[in-house]
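Reader: I should like to learn how to read the features of a structural model. Please take the general idea of each feature before the case itself.

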Amino acid sequence: MKLAVIEGDGIGREVIPAAVEVLGAFGLELEKVPLELGYARWERTGTAMSEEDLDTIKSCDAVLFGAVTTVPDPSYKSVLLTIRKELDLYANVRPVKPLPGVTGVTGRNDFDFIIVRENTEGLYSGIEEIGPDLSWTKRVVTRKGSKRIAEYACQLAKKRSDKLTIVHKSNVLKSDKLFLDVCRQTADAYGVEYNDMLVDSMAYSLMMHPEKYDVVVTTNLFGDILSDMCAALVGSLGLVPSANIGKKYAFFEPVHGSAPDIAGKGVSNPLAAILCVKMLLEWMEKPESRLIDDAIADALKKKVITPDLGGKASTSEVGCAVAKYIRENCIV
Ligand code: ATP
């Protein structure tokens, strides 16, 4: 197993080393391939990611990624979008589950759901024209793209409580009718119980009744917005991991960005990145992934927490505490 490790920019350079320490505590046989990509690299060399980097990434099985700052150049092509397209990472998976004793804006912790976002088309098609008086972006919805994400979501629902919510805006965006129809047909074929929600009602409902949801499937932009919003339900952007899954590759990244406002201070919360390691181990079908939940619960109980959660610990202190627990309790 080969893992590309990309810290990227800003707090990516803090949270990924903490996550790598936690991964190392499991003592697995894993070849790590470090790569420098992003804004800092662009400033130094004029390229954020080269073709050669892409080939190196493709020679690995999976990627652990921090964050990259958007390059302030209108001709810049997003590193993240390029990797997602090149590796055909069609499913973006974001679990939204509170950690023990940590609550977000609503003060509740009785929910556990997963947002499954179509990751390759929709409004992120990259097909656009920008002009002084008219700019447009093409929103692409295909049967193939909708079917594979619906299948992914249904397979996940089957492993959980067999409940699926399809989120769309087909009353206004006619392109969503195809997405909705394909998701309904797929859920019927899998025997998964489902309902559908307009994205605006869903945003409200997720804040009011997050406990009602289990697996949520939606198109690219809606999934992007809803999942950031849901970080407020769990208490910090620093707590939400994500996985980008394709047929061949998988790519794990915290939902947060490079957070330039706190970068370099050693106060960023590494738990989202550490939870990415958990998702990586689950993808590798390693049952010991569960130990990460116990290790995080232990750190929270001992108040080894970063300032965003009201604590005083540094990024590396949290990483060390979680890794230590795993080293002491991991029996493989
Ligand atoms: P970018 O331009 O890379 O997207 P951003 O600042 O616009 O960066 P985020 O990095 O997602 O977006 O940060 C949004 C806010 O959340 C910032 O105030 C940041 O400090 C905070 N934040 C994000 N990640 C963390 C973290 N891991 N720990 C603590 N605070 C965080």
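Author: Let us begin with one residue. P17 belongs to helix 1 (residues 12-24), where helices (H or I, at least four residues) and strands (E, at least two) are DSSP runs numbered from the N terminus. Residues are numbered from 1 along each chain as its sequence is written. This is a predicted model, in which local features need pLDDT of at least 70 and side-chain atom pairs count only at pLDDT 80 or more, while totals for chains, interfaces and linings use all residues; side-chain values use heavy atoms, with hydrogens and water left out.

Reader: Is P17 buried or exposed, or in between?

Author: Buried means under 20% relative accessible area, exposed over 50%, and partly exposed in between (1.4 Å probe, protein chains only). P17 counts as partly exposed because its relative accessibility is 35%.

Reader: Which residues does P17 touch, not counting those up to four places away in sequence?

Author: A contact means heavy atoms within 4.5 Å. On that basis P17 touches E7 and G12. P17 and P270 are 253 residues apart in sequence, yet 9.0 Å apart in space, C-alpha to C-alpha.

Reader: What does the domain assignment give for the protein?

Author: Domain bounds come from an automatic or database domain assignment. Here the assignment gives domain 1 (1-89 + 240-332) and domain 2 (103-234). Their centres, taken over C-alpha atoms, are separated by 24 Å. Domain 1 brings 9 residues to the contact, and domain 2 brings 10 residues.

Reader: Where does the largest pocket lie with respect to domain 1 and domain 2?

Author: On a 1 Å grid over the protein atoms alone, a pocket is an open set of points with protein on both sides within 12 Å along at least five of seven lines, a cavity is a set where a 1.4 Å probe fits but cannot get out, and lining residues have an atom within 4 Å of a point. Grid points are joined across faces, edges and corners, and a volume is the space filled by probe spheres set on the points. The largest pocket has a volume of about 1200 Å³. Among its 42 lining residues, V93, I114, L156, M279 and E282 are the closest to the centre. Both domains give residues to this lining, so the largest pocket lies between them.

Reader: Which element gives the most to the lining of the largest pocket?

Author: Helix 5 does, with 6 residues. Helix 5 has 17 residues and reaches 24 Å from first C-alpha to last, close to the 24 Å expected (1.5 Å times one less than the number of residues). Its buried residues include G145, S146 and L156, and what covers the buried residues includes strand 4, strand 5 and helix 6 (175-190).

Reader: How many residues line the second largest pocket?

Author: The second largest pocket, with a volume of about 500 Å³, is lined by 22 residues, of which V68, T70, L80, R84 and E253 lie nearest its centre. Helix 4 supplies the largest share of this lining, 4 residues. Domain 1 and domain 2 each provide at least three residues of the lining.

Reader: How many cavities of 30 Å³ or more does a search of the whole structure find?

Author: The search finds 1 cavity, and about 30 Å³ of space lies in it. Its lining includes E118, S146, F179 and N220.
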